[in-house]
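Please look over the sequence and the model below before reading on. The text then goes from one residue to its surroundings and on to the whole chain.

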Amino acid sequence: MEKTTRRRPNARGQGELLREEIVTAAVRMLEELADDEALSLRAVAREVSIAATSVYLYFPDRDALVLAAMQRCHEELVRGGDEAEQAHEGDPAAQLRHRTLAQAEWAQAHPGLYKVLHESKVHRRLGMPFKEVLLGRTRAAVQRCMDAGVAPQDDVATVTIDFRTAVNGMLSQRINEPDLDWPPAREQIDRFLTKLVGLK
């Protein structure tokens, strides 16, 4: 019978720390598995050296844990894009380009997590409403390009959806079909920016 190393109980008020450890373990395992259905709460509990029942104190089921892990990943994606954008303040075209490149770099560094974020069964069953934040940031960046005259005036919501669909589709295909003869991601993103957003 498999034994789990016993872990000292958290001191009073440290339950949130254990929750964060559980999410961290789930993120690490999802990165390797690239499949939310392959994750088990029992395996996560072993990774954190706690009883499986302890996970249920924080997450009622696997879906809830996967959502928490993906929300953390999404927040990291948003933060990376914000930092890239801030580095090019005053140049809306460069801000949109580098925000998108930051997303591509994160996807290439974390293919398993990007796959779960966009293709997981949890996503299909429950959706991930927190992803609206990144959509909103991209829409605002596209709007700034239009306002500055570096992209033609158009329906910003439609342009943003077309652009994000192209970027997300390209990144997902690169992850799922890595053996294809892909051009550099930067070149594809620049073509999307020209053809779909209309950057000059």
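Which residues does Val197 touch, not counting residues up to four places away in sequence? The model to be searched for the answer is a predicted one. Val197 is in helix H10, which covers residues 185-197. Its contacts, with residues up to four places away left out, are Leu96, Val142, Ala151, Pro152, Val159, Phe163 and Phe192. With a relative accessible area of 3%, Val197 is buried, because the cut-off for that class is under 20%. One of its partners is Val159. Val197 and Val159 are 38 residues apart in sequence, while their C-alpha atoms are 6.2 Å apart in space.

Val159 leads to helix H9, where it is one of the buried residues. Helix H9 spans residues 156-176. H9 has 21 residues, and the distance from its first C-alpha to its last is 30 Å, close to the 30 Å expected at 1.5 Å a residue. The buried residues of H9 are Val156, Val159, Thr160, Phe163, Arg164, Ala166, Val167, Asn168, Met170, Leu171, Ser172 and Arg174. An α-helix has 3.6 residues a turn, so residues three or four places apart point the same way. The buried set of H9 includes Val156, Val159, Phe163 and Val167. It also includes the charged-type residues Arg164 and Arg174, since Lys and Arg count as positive. The buried residues of H9 pack against H5, H6, helix H8 (132-147) and H10.

Ser172 gives a detailed view of one such place. Ser172 is found in helix H9, and its relative accessibility of 13% puts it in the buried class. Leaving aside neighbours within four places in sequence, Ser172 is in contact with Tyr114, His118 and Glu119. Tyr114 is itself among the buried residues of H6. The others in that helix are Gly112, Leu113, Val116 and Leu117. The cover over the buried residues of H6 includes H1, H4, helix H5 (92-109), H7 and H9.

H1 takes the reader back towards the start of the chain. Helix H1 (residues 15-33) has 19 residues and reaches 27 Å from first C-alpha to last, close to the 27 Å expected at 1.5 Å a residue. In H1, the buried residues are Leu18, Ile22, Val23, Ala25, Ala26, Val27, Met29 and Leu30. They pack against helix H2 (41-48), helix H3 (52-55), helix H4 (62-86) and helix H6 (111-119).

Two loop residues in this part of the chain have an unusual backbone angle in view of a general rule. Most residues other than glycine have a negative phi, and most peptide bonds are trans. Ala34 follows H1 and is found in the loop between H1 and H2. Ala34 has a positive phi of about 55° although it is not a glycine. Its relative accessibility is 25%, so Ala34 counts as partly exposed. Ser49 is found in the loop between H2 and H3. The phi of Ser49 is also positive, at about 65°, and Ser49 is not a glycine. With a relative accessible area of 26%, Ser49 is partly exposed.

The remaining values describe the whole protein. The protein has 10 helices and 0 strands. Its C-alpha atoms fill a box of roughly 65 × 40 × 30 Å along the principal axes. Of its 200 residues, 42% count as buried. Among contacts between residues at least 6 apart in sequence, 67% join residues at least 24 apart. The protein exposes about 11,100 Å², and carbon and sulfur atoms supply 50% of this area. There are 28 positive and 31 negative side chains, and the centres of the two sets lie 6 Å apart.

How far the coordinates can be read is a matter of confidence. The mean pLDDT of the protein is 93, and 93% of its residues reach 70 or more. Among the elements, helix H7 (residues 121-126) has the lowest mean pLDDT, 90, and helix H10 has the highest, 98. Over residues 1-5 the pLDDT is below 50, and this stretch has 5 contacts in the model beyond near neighbours in sequence. Where pLDDT is low, the predicted coordinates should not be read in detail.

Methods:
Residues are numbered from 1 along each chain as its sequence is written. This is a predicted model: local features need pLDDT of at least 70, side-chain atom pairs count only at pLDDT 80 or more; totals for chains, interfaces and linings use all residues. Side-chain values use heavy atoms; hydrogens and water are left out. Helices (H or I, at least four residues) and strands (E, at least two) are DSSP runs, numbered from the N terminus. Buried means under 20% relative accessible area, exposed over 50%, partly exposed in between (1.4 Å probe, protein chains only). Contact means heavy atoms within 4.5 Å. Accessible areas come from the Shrake-Rupley method with a 1.4 Å probe; for residues, only the protein chains shown count as cover. The place of a charge is taken as NZ of Lys, CZ of Arg, CG of Asp or CD of Glu. pLDDT is the predictor's confidence in each residue, from 0 to 100. The expected span of a helix is 1.5 Å times one less than its number of residues.
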